[in-house]
Each structure stands twice: as C-alpha cells, then as structure tokens.
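Work through the following exercises with the sequence and the model open side by side, and compare each solution with your own reading.

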Amino acid sequence: MSAKKIVLKVSIMCKKCKVCVMSIIAKFDGITSMTLDLEKSTVTIVGAVDAVLIVKALRKAKKPAEIVTVGEPDKPPEKKPEEKKPDDKDPCKNLPPCCKACTYYVVYDDYQPLCIIL
C-alpha cells in the first residue's frame, strides 16, 4: 500500500475531543504524519492507512467523521534554516475545557419498595 494524503472532517468541540480524535487515529500503523486544523475541523493524515477504517473507528467512539479527500501526498519543500520565534498562541486556548458531548452522566435510582414479600 502506498502513502496517501487523507483529509477527514471531524467534529471537534473541546480539548477532550481533540485528544480523543488524535489518540484514535494514532493507533493505526503506517501513519507518517497527522495535522489537525481546529478552525476548519479537519484532520490531515499522511501514510499508508485505509481511510474507511479510520472513519469507522472514529464513529465507533461517537466522533462523527467523514472523508473529504484522498489523494497523493504533497512533495516536501526544501528546508531552509529559519530563526525560531517563540509561539505564544495555543490553538486550544479558545476551546472550552469539555463539551456536552464528552460529559458522562451517572444515573442512580434510590427507590426502595416499602413492601417486600418473602
């Protein structure tokens, strides 16, 4: 299987969603690189993996995903030495700590019948 560039549209609403999506995708063998674009809600995967299997795994984890494009990976540009600037921007800073989709609810019923027949 040759390397492909796969772009998926995934619903990402909070930091926990981001971590969950990235950890599900990272479990697949053959992935060369992954990038996540929070503004567009897309994940770009480069590697020799099956896009359908990734979408199935994300949907199984209740993260709606759909395939946008599958194609040949871009050629890496020639690297030029650049000065590193401190990056103060955190892309997750604007996200809430947890969304309603990631919240777990515990239901407890404290009902005890008064009449017990032995």
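**Exercise 1.** How many helices and strands does the protein have?

*Solution.* The model is a predicted one, in which local features need pLDDT of at least 70 and side-chain atom pairs count only at pLDDT 80 or more, while totals for chains, interfaces and linings use all residues. Residues are numbered from 1 along each chain as its sequence is written, and side-chain values use heavy atoms, with hydrogens and water left out. Taking helices as DSSP runs of H or I with at least four residues, and strands as runs of E with at least two, numbered from the N terminus, one finds two helices and four strands. Along the sequence these elements follow the pattern β-α-β-β-α-β.

**Exercise 2.** Describe how strands β2 and β3 are joined.

*Solution.* Two strands pair if DSSP finds at least two bridges between them; here six bridges join β2 (residues 31-37) to β3 (residues 42-47), and the two run antiparallel. Within this pairing, L36 stands opposite V43 of β3. The two strands form a hairpin with four residues between them, and in the turn S41 has a positive phi of about 55 degrees.

**Exercise 3.** Why does V52 count as partly exposed?

*Solution.* First locate V52, which lies in helix α2 (residues 51-60). Buried means under 20% relative accessible area, exposed over 50%, and partly exposed in between (1.4 Å probe, protein chains only). V52 counts as partly exposed because its relative accessibility is 42%. For the protein as a whole, 24% of the 118 residues count as buried.
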